[in-house]
Amino acid sequence: MDNCIFCKIAKREIPAKIVYEDDFAIAFLDISPCAEGHTVVIPKQHFEKFTDMEEKDAGNLFASVQKVAKAVEIAMDAPGSNIGLNNGKAAGQEVPHVHVHIIPRYEGDNGGAIQSIVKTYPKTDNLEELKEKIRESLR
Ligand code: 5GP
Ligand code: ZN
């Protein structure tokens, strides 16, 4: 995509601190890190949302994500990391090119778990119904 900042990074048209590259993906340091070592991994091909990707492309991306996450934890001497993506604008995605965040984590760093992103306290007496609805939506 012509006007996509992450496509431009993938094509080396704008600079980034690239930590990893393979045929399918490229990883670089986030320009505005929420923790030291915060890294993003992107597919070189432009997809807007993770859920737009074909299964094989998503698989390739996550193989690279795992490799980079291991390296980030080692390099940052981090005993853990949060690995995830904001899928769509409603979920906080600002750059409309799929990217997986790898955020190094430490005991006592005052960060939260992934479940702390949103708390709408939904009812739980409809789990059976929801299970069926999601199962019926599988493609
Ligand atoms: P999102 O909210 O879309 O999941 O996160 C986008 C991330 O990309 C943000 O953490 C932001 O700091 C990072 N980012 C945005 N523009 C650039 C850029 O030009 N270079 C780099 N390295 N990171 C960027
Ligand atoms: Zn793009």
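Trainee: What share of the contacts in the protein with a separation of 6 or more do residues 24 or more positions apart account for?

Mentor: This is a predicted model, in which local features need pLDDT of at least 70 and side-chain atom pairs count only at pLDDT 80 or more, while totals for chains, interfaces and linings use all residues. Residues are numbered from 1 along each chain as its sequence is written, chains are lettered from A and ligands numbered from 1 in the order in which they are written, and side-chain values use heavy atoms, without hydrogens and water. Contact means heavy atoms within 4.5 Å. On that basis, the share for residues 24 or more positions apart is 52%.

Trainee: In what order do the elements of the protein run from the N terminus on?

Mentor: Elements are DSSP runs numbered from the N terminus, with helices (H or I) of at least four residues and strands (E) of at least two. The protein has three helices and five strands. Their order is α-β-β-β-α-β-β-α.

Trainee: Which element gives the most to the largest nonpolar core?

Mentor: A nonpolar core joins buried Ala, Val, Leu, Ile, Met, Phe, Trp, Tyr and Cys residues through side-chain atoms within 4.5 Å; buried means under 20% relative accessible area, exposed over 50% and partly exposed in between (1.4 Å probe, protein chains only). The largest core has 14 residues, and Val41, Met53, Leu61, Val65, Val68 and Ile102 have the most contacts inside it. At least two residues each come from β2 (25–29), α2 (55–75) and β5 (100–105). With five residues, the leading contributor is α2.

Trainee: How many residues does the second, separate core have?

Mentor: Cys7, Ile9, Ala10 and Phe28 are among the members of the second core. Cys7 is buried, with a relative accessible area of 4%. The residue count of this second core is nine.

Trainee: How many disulfides does the rule give?

Mentor: A disulfide is a pair of cysteine sulfur atoms within 2.5 Å. Cys4, at a relative accessible area of 6%, is buried, and Cys7 is buried as well, at 4%. Even so, the number of disulfides is zero.

Trainee: How much of the accessible area that ligand 1 has on its own does the protein cover?

Mentor: Asp30, Gly92, Glu94, His99 and His101 come nearest of the 15 residues around ligand 1 (a heavy atom within 4 Å). A polar side-chain atom of Asp30 lies 2.5 Å from a ligand oxygen atom, and a polar backbone atom of Glu94 is 2.6 Å from an oxygen atom of the ligand. Of the 520 Å² that the ligand has on its own (Shrake-Rupley method, 1.4 Å probe), the protein covers 83%.

Trainee: Which residue offers its backbone oxygen to the side chain of Arg105?

Mentor: Arg105 is found in strand β5 and is buried, with a relative accessible area of 16%. Its side chain has a polar contact of 2.5 Å with that of Asn82; such a contact is a pair of N or O atoms within 3.5 Å, and within protein one must be able to donate a hydrogen and the other to accept it, with residues adjacent in sequence counting only if both atoms are side-chain atoms. At 3.0 Å, the Arg105 side chain reaches the backbone oxygen of Gly111.

Trainee: Is Glu54 buried or exposed?

Mentor: Glu54 has its place in the loop between β3 (39–43) and α2. Because its relative accessibility is 52%, Glu54 counts as exposed.
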